Amino acid sequence: MNRKNAASKAWGRTAGGMAIIIGLMCSSAGAQTADSTIARIKATNKVKIGVRDFSVPFSYLDANQKPTGYTIELCQAVVESLKKELNLPSLEVVMQSVDLSTRIPLIQNATIDMECGSTVNTLTRQKQVDFSYVTAVASDQLLVKASSPIKELEDLAGKVVALPNASTSLTMLMSINTKKHLNMRLMYVRDQAEGFLAVQTGRADAYITDNMILYGLRKEAKNPAEFRITGRPLSYLPYGIMIAKNNSTLLAIVNRTIAEKSRSGESKMMYDKWFGQLNMPLSPLTKAAFDVNSIPD
């Protein structure tokens, strides 16, 4: 064998060995990142939940400034599932306030393990985080003063419309505004309370967001009769619990909990408990979601 061939074979063995080593390193890195949330929960005996302060009735602060609501109750059931499945009976729960702009970054940087608020599952957001089964379904509508002549979106031509920044409502409204040449002036707000206040003080002619949120805002008003929810449904908005990507074990536990609640009828009971107080009946789409979620053991 000449030196050239020997060198070639030696290089081949070296390159092959390097490829194997690199492959093992990549596999190891993948193993370290997969299910990192579950690993963190086990290591710290703590689960960190992102909550919203004003998203009635999903997630909001009660009279004692404690998080409560429909999604909070559902996530409490998930915590019970975590205790059983991970054998962590004394699992500590830490609540972290999040808003429209911080909820996804705080999931991504591991500040919170799951977001239990009122976030809509969209294809764009799925590039950044993962979502549970659908927990409820809403649609964009308008909140206006009861004395306002506004009935439909087209009545807002040339007027000021408040809407949440970094929300599905924003994308939808900008598209309609351009296509129909409505020349609406858009006012971006940080949270639901600010959007409601904009209408209440007359700085905006309407606030557009999920109708479930709007019903909650109206109920919490000092005089609910002063406000009206109007207009045709403008969108399909399926809510879900957010977790970080690449955490299949946590996602499976969350989804199993939702399936059990749907199958037993508890999901509907929870819906009636929280949305009934808003005089908002169970929508056909939300009922369909409960039916689809009822996956057998």
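**Helix α9 and the aromatic pairs**

Quite a few residues of helix α9 are buried (under 20% relative accessible area with a 1.4 Å probe, protein chains only; over 50% is exposed, and in between is partly exposed): Leu250, Leu251, Ile253, Val254, Asn255, Thr257, Ile258, Ala259, Lys261 and Ser262. This is a predicted model, where local features need pLDDT of at least 70, side-chain atom pairs count only at pLDDT 80 or more, and totals for chains, interfaces and linings use all residues. Residues are numbered from 1 along each chain as its sequence is written, and side-chain values use heavy atoms, with hydrogens and water left out.

**Helix α9 itself**

- Helices here are DSSP runs of H or I with at least four residues, strands are runs of E with at least two, and both are numbered from the N terminus.
- α9 has 17 residues and spans 24 Å from first C-alpha to last, close to the expected 24 Å (1.5 Å times one less than the number of residues).
- Right after α9 comes Gly265, with a positive phi near 90°.

**Thr257**

- Thr257 sits in α9, which covers residues 248-264, and is buried with just 3% relative accessible area.
- Its side chain makes a 2.8 Å polar contact with the side chain of Ser81; that term means N or O atoms within 3.5 Å, where within protein one must be able to donate a hydrogen and the other to accept it, and residues adjacent in sequence count only if both atoms are side-chain atoms.
- Leaving aside residues up to four places away in sequence, Thr257 touches Ala77, Val78 and Ser81 (contact means heavy atoms within 4.5 Å).

**Aromatic pairs**

- There are eight aromatic pairs in the structure; rings of Phe, Tyr and Trp (its six-membered ring) pair if their centres lie within 6.5 Å, with planes under 30 degrees apart called stacked, over 60 edge-to-face and the rest tilted.
- One of them is Tyr60 with Trp274, an edge-to-face pair at 6.5 Å centre to centre and 85° between the planes.
- Tyr60 is in strand β3 (residues 59-61) and Trp274 in helix α10 (residues 266-275), so this pair ties together parts 214 residues apart in sequence.
- Tyr60 is buried at 12% relative accessibility, and Trp274 is buried at 8%.
- Tyr70 and Phe275 have ring centres 5.4 Å apart and planes at 70°, so they count as edge-to-face.
- That pair links Tyr70 in helix α3 (residues 70-85) to Phe275 in helix α10, 205 residues apart.
- Both Tyr70 and Phe275 are buried.
- Ring pairs also join Phe58, Tyr70, Tyr239, Tyr271 and Phe275 into a cluster.
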